[in-house]
Amino acid sequence: MKLQSRIPEILGIRYPVVQGAMSWMTDAAFVAAVSNAGGLGMLGPHAGQTANPTSNEEVIERMRAEIRKVKSLTGKPFAVPVMISENPALIVPMRDLIIEERVPVVLINVVLDADLFRAFKDAGIKIIYRALNPTVESAREAERLGADVVVATGFDEGGTLPDKEIGTFAVTTHIAQAVGIPVMSAGGIADLAGVRACFALGAEGVYIGTAFLATHENRMAANVKQMLVDCSADDLLLFRTHPAYYRSLPTELAKKMYEISENGGSRDETAKLMQGTVGMRKGMLEGDLAGGYISVGNGITQIKEIRSVQALIDDLMQDFAA
Ligand SMILES: Cc1cc2nc3c(=O)[nH]c(=O)nc-3n(C[C@H](O)[C@H](O)[C@H](O)COP(=O)(O)O)c2cc1C
């Protein structure tokens with residue numbers, strides 16, 4: 001099969017595959033490995049860290065150090081999200097950091113702000129736009145403001161889930177028909193068939209989180225990597241929380257949150273137990289299957305082994321190999 005995409009040329013990469021930001025689960029070595037393998041690596045919140053920061057300044061300086069590490073490990077493009085915390089006060093310092101450090105690609109994952117888009121455009125930085133709740137209107141507005149690529153994220157994804165339970169197939173089709181810029185699909189994509197399916201629906205690339213966790217270079221705890229291989233989407237527990245839903249592999253904490261949610265408990269209650277992404281750090285980074293949760297997408301059924309980042313990308317992108 002021969003697939004076409006404008007994305008490699010636009011972003012300066014070999015293959016139209018982006019490794020999405022993942023709280024706690026990225027670091028410079030992993031991100032550089034993705035970029036060196038021909039995809040686009042992306043740092044995420046708490047990249048390279050094992051403990052929460054104590055100030056906004058520390059967030060920025062930690063991220064600056066991690067960006068510099070990536071640059072020392074690869075000459076290839078990589079990306080950084082402009083919103084790495086729910087704290088809106090960090091958006092401007094993150095914008096300035098990304099521009100100062102000449103990060104090649106930015107993920108705009110915040111409100112559609114014309115000045116923010118303009119600042120990155122003026123600095124020659126490529127823009128990927130990804131809404132948490134993808135709509136035709138926001139995709140069109142991002143295109144108008146100058147986004148280079150837009151991500152259509154379905155409810156099958158890992159991480160913070162969209163408010164509406166619309167799967168990756170429906171979202172991709174809807175958004176690909178609405179904009180002229182290339183669309184990447186996100187949510188549940190973990191094998192070659194998934195990549196081909198997204199392209200059949202009009203996508204020109206794939207934006208993947210979970211499948212990249214199942215690689216040697218990812219910093220996820222070894223026991224959790226094994227759990228990822230052993231489980232299927234059928235094992236995932238979906239629960240209501242803030243802002244909408246999360247899903248997790250069946251840890252003790254996840255079972256508790258699932259039960260609260262199933263029995264009509266409040267979203268405040270599950271949110272309190274999650275402790276924001278602290279529960280993710282415990283579960284995924286520290287491998288604490290009692291006190292943490294493991295946020296992954298529905299694509300885990302397709303994950304059968306732990307591979308190198310290169311082997312994963314070569315497998316997913318075989319239709320693009322020269
Ligand atoms: C553990 C985990 C943490 C995530 N954290 C973030 C985040 O901090 N910011 C963000 O924009 N997206 C985050 N995401 C979403 C991913 O960037 C991406 O959209 C998603 O993983 C795609 O779906 P998939 O996991 O099914 O491939 C996270 C995903 C996972 C699995």
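This passage describes the domain arrangement, the charged side chains and the unusual backbone geometry of a predicted model.

Because the model is predicted, local features are restricted to residues with pLDDT of at least 70 and side-chain atom pairs to pLDDT 80 or more, whereas totals for chains, interfaces and linings use all residues. Residues are numbered from 1 along each chain as its sequence is written, and side-chain values rest on heavy atoms, with hydrogens and water left out.

The chain is assigned two domains, domain 1 comprising residues 7-218 + 302-320 and domain 2 comprising residues 237-295, with bounds that come from an automatic or database domain assignment. The centres of domain 1 and domain 2, taken over C-alpha atoms, are separated by 24 Å. Contact (heavy atoms within 4.5 Å) between them involves 20 residues of domain 1 and 14 residues of domain 2. The size of an interface is often given as the accessible area lost when the parts come together. For domain 1 and domain 2 this buried area (the accessible area, with a 1.4 Å probe, that two parts lose on being put together, summed over both) is about 1,400 Å², with 59% of it on carbon and sulfur atoms. On the side of domain 1, the residues that lose the most area to domain 2 are W24, M25 and L161, which together account for 33% of what that side buries. Between the two domains, eight residue pairs are in polar contact, both residues being at pLDDT 80 or more; a polar contact is a pair of N or O atoms within 3.5 Å, where within protein one atom must be able to donate a hydrogen and the other to accept it, and residues adjacent in sequence count only if both atoms are side-chain atoms. Zero salt bridges are found across the interface of domain 1 and domain 2, a salt bridge being a side-chain nitrogen of Lys or Arg within 4 Å of a carboxyl oxygen of Asp or Glu.

Side chains of opposite charge can pair when their charged atoms come close, and the structure as a whole holds 19 salt bridges. One network of salt bridges links E61, R64, R68, K71, E100 and E101. Within this network, E101 lies in the loop between α4 (91-100) and β4 (105-108), where helices (H or I, at least four residues) and strands (E, at least two) are DSSP runs numbered from the N terminus. E101 counts as buried because its relative accessibility is 6%, the classes being buried under 20% relative accessible area, exposed over 50% and partly exposed in between, with a 1.4 Å probe and protein chains only. The side chains of E101 and R64 are joined by a polar contact of 3.1 Å, and, when residues up to four places away in sequence are not counted, E101 touches R64, I67, R68 and K71.

Two further salt bridges lie within single helices. In helix α5 (residues 114-122), R118 and D122 are four residues apart, about one turn of the helix, and their closest N and O atoms are 3.1 Å apart. R118 is partly exposed at 46% relative accessibility, whereas D122 is exposed at 57%. In helix α11 (residues 252-262), E252 and K255 are three residues apart, again about one turn of the helix, and their side chains meet in a salt bridge at 3.4 Å, N to O. Both E252, at 44% relative accessibility, and K255, at 35%, are partly exposed. D315, partly exposed at 24% relative accessibility, forms a salt bridge with R307 at 2.8 Å, N to O.

A further acidic residue, E66, is placed in helix α3 (residues 56-73) and is buried at 4% relative accessibility. Its contacts, not counting residues up to four places away in sequence, are D27, A28, L43, A47 and G48.

Several backbone features fall in loops. H242 and P243 are joined by a cis peptide bond with omega of about 0°, and P243 is found in the loop between β9 (237-240) and β10 (245-248). W24, in the loop between β1 (17-19) and α2 (28-36), has a positive phi near 65° although this residue is not glycine, and W24 is buried at 0% relative accessibility. H46, in the loop between β2 (41-42) and α3, likewise has a positive phi, of about 60°, and is buried at 18% relative accessibility.
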